[in-house]
Amino acid sequence: MSDLPLLRVSAMTKFYGSRVGCKDVSFELWPGEVLAVVGESGSGKTTLLNAISTRLPPTSGTVEYRMRDGQLRDLYRMGEAERRFLMRTDWGFVHQNPADGLRMTVSAGANVGERLMAIGERHYGNIRDTASEWLGRVEIETDRIDDQPRDFSGGMRQRLQIARNLVTGPRLVFMDEPTGGLDVSVQARLLDLVRGLVNDLGLSAIVVTHDLAVARLLSHRMMVMKGGVVVEHGLTDRVLDDPREPYTQLLVSSILQV
Ligand SMILES: Nc1ncnc2c1ncn2[C@@H]1O[C@H](COP(=O)(O)OP(=O)(O)OP(=O)(O)O)[C@@H](O)[C@H]1O
Ligand SMILES: [Mg+2]
């Protein structure tokens, strides 16, 4: 066991002009840990996720990441090429809208295989075999390997996006509303699948969701955001069963009334 976190976020702040996106958010993420970020629409969840994953430069604050060699590195001080390589190999990013994370008009197999090629795999047979294996893991019939995601259902697209992200063996996965926009029964199956994969692969993940049931099922810890700041942070079961902040109490009780 290492005594360094995988990720250390310090005083992360993003302003859009004078409007607060997120403000002064700090936390650490440990290997194998899943953190849920919850809060109402406009509370800053996506802003925070994008700032941490270097997709949106923050106004101030730092993100440090423990590289495979054990060194903790400041992501915004890293060269662009190194950061891009890290994003392709060590990280995954599952978008709420699969069209943002997939290439809709190339085959399912190519969507997965492309990521392998990006890390240097050149052997066509190996790429196809691995892609096929990953389609199976996310419960897509392997005879759909040559079909394009535009011909897939919403749930299948989301599962394909997950395969594309996990095929390179990332250590950290960011997910923004991974089950948003799906039918309830499809959501449940997808959540089960994600939970199984995260456990099997020992992944660390940051999952943004407005759905407390998703947080309950997937995460060990959770942060509740409101107006760009974190109002409560703790073990998921504790926060949901015994919320301390009035705002969290409101969130939890309004869900229970549904
Ligand atoms: N590109 C932008 N330009 C200006 N303001 C923005 C931009 N993106 C987000 N904001 C503002 O920042 C705040 C946080 O937005 P953000 O998208 O991070 O919220 P969210 O919690 O992800 O909401 P949702 O659940 O609706 O996705 C909001 O007030 C929003 O209007
Ligand atoms: Mg959002």
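Tutor: Let's start with words for the elements: helices (H or I, at least four residues) and strands (E, at least two) are DSSP runs, numbered from the N terminus. With that in hand, Ser-18 can be placed in the loop between β1 (7-16) and β2 (19-29).

Student: What kind of model is this, and how are its parts numbered?

Tutor: It is a predicted model, with residues numbered from 1 along each chain as its sequence is written, chains lettered from A and ligands numbered from 1 in the order in which they are written. Local features need pLDDT of at least 70 and side-chain atom pairs count only at pLDDT 80 or more, while totals for chains, interfaces and linings use all residues; side-chain values use heavy atoms, leaving out hydrogens and water.

Student: Back to that loop, then. Is Ser-18 buried or exposed?

Tutor: We go by relative accessible area: buried is under 20%, exposed is over 50%, and partly exposed is in between (1.4 Å probe, protein chains only). Ser-18 has 72% relative accessibility, so it counts as exposed.

Student: How far apart are Ser-18 and Val-37?

Tutor: That depends on how you count. Along the sequence they are 19 residues apart, and in space their C-alpha atoms are 23 Å apart.

Student: Val-37 brings me to the strands. Which residue of β8 stands opposite Val-37?

Tutor: Two strands pair if DSSP finds at least two bridges between them. Val-37 stands opposite Val-208 in β8. The strands involved are β3 (residues 34-39) and β8, which pair in the parallel sense over four bridges.

Student: How many bridges join β7 to β8?

Tutor: Five, and again the two strands run parallel. For a landmark, look at Leu-172, which stands opposite Ser-204 in β8.

Student: Why is β8 said to be largely enclosed?

Tutor: Five of the five residues of β8 (residues 204-208) are buried, so the rest of the structure largely encloses this strand. Try looking at its two faces in turn. Ser-204, Ile-206 and Val-208 are buried on one side, and Ala-205 and Val-207 are buried on the other.

Student: Can we read a helix in that way? How many residues of α6 are buried?

Tutor: Eleven of its 13 residues are buried, so α6 is also largely enclosed by the rest of the structure. Among them are Gly-155, Arg-159, Ile-162, Arg-164 and Leu-166. In α4, the buried residues include Ala-108, Val-112, Arg-115 and Leu-116.

Student: Next, empty space. How many cavities of 30 Å³ or more are there?

Tutor: On a 1 Å grid over the protein atoms alone, a cavity is a set of points where a 1.4 Å probe fits but cannot get out; a pocket is an open set with protein on both sides within 12 Å along at least five of seven lines, and lining residues have an atom within 4 Å of a point. Points are joined across faces, edges and corners, and a volume is the space filled by probe spheres set on them. The search of the whole structure finds one such cavity, with a volume of about 50 Å³.

Student: Which elements supply at least two residues each of its lining?

Tutor: They are α6 (154-166), β7 (172-176) and α7 (184-201). α7 gives the most, with three residues. The lining residues include Val-94, Ile-162, Leu-166, Met-175 and Leu-203.

Student: And what is the lining like by class?

Tutor: Ala, Val, Leu, Ile, Met, Phe, Trp, Tyr, Cys and Pro count as nonpolar, Asp, Glu, Lys and Arg as charged, and the others, Gly among them, as polar. The cavity lining has nine nonpolar, no polar and no charged residues. The largest pocket, with about 390 Å³ of space, has a lining of five nonpolar, five polar and seven charged residues.

Student: Which residues lie nearest the centre of that pocket?

Tutor: Of the 17 lining residues, Met-87, Arg-88, Phe-93, Arg-115 and Asn-165 do. α2 (80-89), β6, α3, α4 and α6 each supply at least two residues of the lining.

Student: One last topic: the backbone. Which residues have a positive phi although they are not glycines?

Tutor: The general idea is that most residues other than glycine have a negative phi. Here, Ala-11 has a positive phi of about 50°, and Glu-139 has one of about 65°. Ala-11 is found in strand β1 and is partly exposed at 29% relative accessible area. Glu-139 is found in the loop between α5 and α6 and is partly exposed at 40%. There is also a glycine to look at: just after α4, Gly-120 takes a positive phi of about 105°.
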